[in-house]
Amino acid sequence: MQSRRRHAAAAALSVTALLLFICVQAGLVAFPLRDTRSRALLVPPRWLPLGLRAVRAGTATPAGAGTEAVLLPGWEVIVLVRRPDAASAPVQNATCMFRGGASSPARALGPLPASGRHAYTCIMPEPARTQRHDAPLVLFPVSTVINADDGATGRSPEMLKWSNRIVYESVVVDGGDVLVFAKGVNRRKKVNRAAADIRCLYYRGDAGNAVASLPATTSAQQVFRCPPPPATAPVYRELRVTLAVVGEEPIPSLATYDPPRRRDSRTTGSTTSGKRLICACTMVRDVAKFLREWVVYHAAVGVDRFYVYDNGSEDDLVDQVRHLTSDGFEIFTMTWPWPKTLEAALSHGAAVHRDSCEWMVFIDVDEFIFSPHWVHSENPTKSMLHSITTVEKDIGQVSMWCADFGPSGQNAHPKEGVTQGYTCRRQIMERRKSLVRLDAMDRSLSNSVHYFMLQPGFQSKWNTRVRVNHYKYQAWDEFKVKFRRRASTYTVNWTEKKNLRSNDRTPGLGFEAVEPAGWPHRFCEVNDTLLRNVTRRWFSLGFGNKLGTRRIISTTPGSSYNV
């Protein structure tokens, strides 16, 4: 009898709770909360307000809420999604759902270096382009929406526009300084606003809850060094960071302040396995088929660790890196989806990995450091590059000339690899690449892509015994992809009829990706087979496809490893 009464009481309680829940929900629909702060605690907004007025009048944003998006040229959209587990693998087969119901496939790019937010890219469908450019929802295969709606009007906020000024990334370095990466502040090459004219703003979404406004300490290109927010600021909720030029509204921002204790080596590429003598840093897009040749070669002659900034690759870069890692090479990738930000990516690499590397070389994957003095060596040794860094303590940078190779009669990517497939080059050496002592870099991190400004007291030195073989003008199908978009911030895209005398432009090319007559035999003034012969001896014929196993001699006595 007592058992029946208990069951009846429990059933009545469940029905009462259910009715109460339905009534509360109905009440919220019929009489929505007028207090926006209270409403925000129930329905978190999608992203933080971006202007100073909006910051002061904004609503609360619980940590982890929201999806953000930015519209790039060509109707490409970058969507940033806050995942519950920032270290989890990106979800594949996602979909971007735009205003009006139009949708397009979303491709996973990976987690951003500092915040760990997962980046996805999709193309805005034509029907959505004529409407307000609202941030899309991201739908995954299980139809779960990883997005926090603002719950007020059912309308999404507009996407940020890459064509405007925007703060897109930040990272904590040097024991607390914050590097803020912003587009549109310093618009001309070598013309930078004074740091004294720029404020660093840290803020949350709570009304009037701007945590700090501090003066920037350096301003160069797209990189701005800021003091950290006050140590008294609580860290249990996410802080945002942006910049404001004196007399102007704060710049719209995607960047978060990520305290050092929250940084993850899986997303920053930092390690605890010890400082290396020489590291290589590069930015790539769809060049995975070149990567193994580049890594294996440079590891053999002295590069100890590789940092690869992925600028939105659609090829098998992830698989290539996984294979190289499993073979024992130290290689780390960082997701860097921002277009025309090469200088900023290299500055990021130099600053973030300063404690992991003594020297860093900044070269592309079609560039190979080589010395004609190595041609008689039976085996490669790590001392080949290590000897270049044996310089006086006031030498902060070692520069090398570049030899530009042409198509060498090739009509397609040579199966034997670039070092063995391209053997004809221009006679004149031009431009320069550098090995940089990271502790000698100027605090501004100002660079001209492949060489950096140094601190007072340090100087650069040329080494004429080594050079960089730059396989610049490859078979047309490989070369024409450069028309898509140039990587450097201040370099004009080749399809634009501007800066016609720029050294970046290729002689004899127009403004469209149309193969010129006689392309396979252009830029052939010197038949240079030195590196081809060396790599055949060291790695066998077919470098990059049929790598031989070689015992590489280390500079550390008694140590060696296999390639």
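1. A nonpolar core here is a set of buried Ala, Val, Leu, Ile, Met, Phe, Trp, Tyr and Cys residues joined through side-chain atoms within 4.5 Å. The structure is a predicted model, and everything below should be read with that in mind. The largest such core holds 51 residues, and the members that touch the most others are L291, W294, Y297 and W374. Helix α6, residues 288–301, is the biggest contributor to this core, giving 10 residues.

2. There is also a second core, separate from the one above, with 43 residues. Among its members are L80, L254, W336 and V352. As background, nonpolar side chains in soluble globular proteins tend to be buried together.

3. On internal space: a search of the whole structure turns up 2 cavities of 30 Å³ or more. The second largest cavity encloses about 50 Å³. Its lining consists of 10 residues, and those nearest the centre are E76, R285, N311, G312 and P337. Strands β2 (76–81) and β4 (103–111) each supply at least two residues of this lining.

4. What is the character of the lining of the second largest cavity, in terms of nonpolar, polar and charged residues? The lining residues divide into 4 charged, 3 polar and 3 nonpolar.

5. The count of disulfides is 4. When the bonded cysteines of the protein chain are numbered in sequence order, they pair 1-2, 3-4, 5-6 and 7-8. Three of these links are taken up in the points that follow, including that of C200 and C226.

6. The sulfur atoms of C200 and C226 lie 2.1 Å apart in a disulfide. The link of C200 and C226 is left-handed, with -75 degrees about the S-S bond. This pair connects distant parts of the chain: C200 belongs to strand β10 (residues 198–203) and C226 to strand β13 (residues 223–226), 26 residues apart. Both C200 and C226 are buried.

7. C279 is joined to C357 by a disulfide with an S to S distance of 2.0 Å. The torsion about the S-S bond of C279 and C357 is about -90 degrees, so this disulfide is left-handed. C279 sits in strand β16 (residues 276–284) and C357 in strand β19 (residues 357–362), so the pair ties together parts that are 78 residues apart in sequence. C279 and C357 are both buried.

8. A disulfide is also formed by C424 and C524, with the sulfur atoms 1.7 Å apart. The link of C424 and C524 is right-handed, with 75 degrees about the S-S bond. The two cysteines come from distant parts of the chain, 100 residues apart: C424 is in strand β22 (residues 424–425), while C524 is in the loop between α11 (476–479) and β25 (526–527). Why does C424 count as buried? Its relative accessibility is 6%, and buried means under 20%. C524, at 43% relative accessibility, counts as partly exposed.

9. C281 is in no disulfide; the nearest cysteine sulfur belongs to C357 and is 8.9 Å away. C281 has 1% relative accessibility and therefore counts as buried. C402 counts as buried as well, at 1% relative accessibility.

10. Salt bridges number 23. One of them joins the side chains of E158 and K161, at 4.0 Å from N to O. E158 has 39% relative accessibility, so E158 counts as partly exposed.

11. R292 and D327 form a salt bridge in which the closest N and O atoms are 2.7 Å apart. The pair links distant parts of the chain, 35 residues apart: R292 is in helix α6, and D327 is in the loop between α7 (317–326) and β18 (331–335). Both partners count as partly exposed, R292 at 21% relative accessibility and D327 at 41%.

12. Are D528 and R425, whose side chains meet in a salt bridge (2.8 Å, N to O), buried or exposed? Both D528 and R425 are buried. The pair spans 103 residues, with D528 in the loop between β25 and α12 (530–539) and R425 in strand β22.

13. Finally, R107, R285, D286 and E314 are joined into one network by salt bridges that share partners. R285 also appears among the residues nearest the centre of the second largest cavity.

Definitions and conventions. Residues are numbered from 1 along each chain as its sequence is written. This is a predicted model: local features need pLDDT of at least 70, side-chain atom pairs count only at pLDDT 80 or more; totals for chains, interfaces and linings use all residues. Side-chain values use heavy atoms; hydrogens and water are left out. Buried means under 20% relative accessible area, exposed over 50%, partly exposed in between (1.4 Å probe, protein chains only). Helices (H or I, at least four residues) and strands (E, at least two) are DSSP runs, numbered from the N terminus. On a 1 Å grid over the protein atoms alone, a cavity is a set of points where a 1.4 Å probe fits but cannot get out, and a pocket is an open set with protein on both sides within 12 Å along at least five of seven lines; lining residues have an atom within 4 Å of a point. Grid points are joined across faces, edges and corners, and a volume is the space filled by probe spheres set on the points. Ala, Val, Leu, Ile, Met, Phe, Trp, Tyr, Cys and Pro count as nonpolar, Asp, Glu, Lys and Arg as charged, and the others, Gly among them, as polar. A disulfide is a pair of cysteine sulfur atoms within 2.5 Å.
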